[in-house]
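Reader: I am in my first year and would like a close look at a single part of this protein, its largest nonpolar core. Which residues make up that core?

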Amino acid sequence: MASITLTSVSRVAAGATLLNNVSLHVAQGELVVLVGPSGAGKTSLIRAVAGLDKLDSGAVFFDEEDVTEVEVAKRDVGIVFQSNTLFPRHNVRRNISFPLKIRSMRRDLIDTRVTAEARSLGIEEV
């Protein structure tokens, strides 16, 4: 896991300002929660980190590396949105393991990582 730094990030789409000069630093291993009303820019900020949207200005860094122009697939970032309809037919374990399976990770490593993540989130029982 890397630290994440956003410096003076701005994004405008369809005439609406989604992000306005946002700067943020998340240290390696730090947990950050974004809260705010609809339209506050939470999703836009996450999409900026993942590289899903092109920024109008500013930069995104993983550790000391500027990844602003790095394509999405090479950023190695996963997003799980709030909606529970992402994979409604799958149980929790299958939802957590999905990104690892599509990367062809060995089954034993998947099991180890999913168990560790469930433990860290306090959801081992589900």
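Author: What follows begins with the core and then turns to the protein around it. This is a predicted model, in which local features need pLDDT of at least 70 and side-chain atom pairs count only at pLDDT 80 or more, while totals for chains, interfaces and linings use all residues. Residues are numbered from 1 along each chain as its sequence is written, and side-chain values use heavy atoms, with hydrogens and water left out.

The largest nonpolar core (a set of buried Ala, Val, Leu, Ile, Met, Phe, Trp, Tyr and Cys residues joined through side-chain atoms within 4.5 Å) has ten residues in all, namely L6, V9, L19, L45, A48, V49, L55, V60, F62 and V67. At least two of these residues come from each of strand 1 (4-13), helix 1 (42-50) and strand 3 (57-62), where helices (H or I, at least four residues) and strands (E, at least two) are DSSP runs numbered from the N terminus. Helix 1 gives the largest share of this core, three residues.

One core member, V49, is in contact (heavy atoms within 4.5 Å) with I4, L6, V60, F62, R75 and V77, once its neighbours within four places in sequence are left aside.

Around this core, the protein holds four helices and four strands, which follow the pattern β-β-α-β-β-α-α-α along the sequence. Of its 126 residues, 24% count as buried, that is, under 20% relative accessible area with a 1.4 Å probe and protein chains only. Among contacts between residues at least 6 apart in sequence, 43% join residues at least 24 apart.

How values were computed. Buried means under 20% relative accessible area, exposed over 50%, partly exposed in between (1.4 Å probe, protein chains only).
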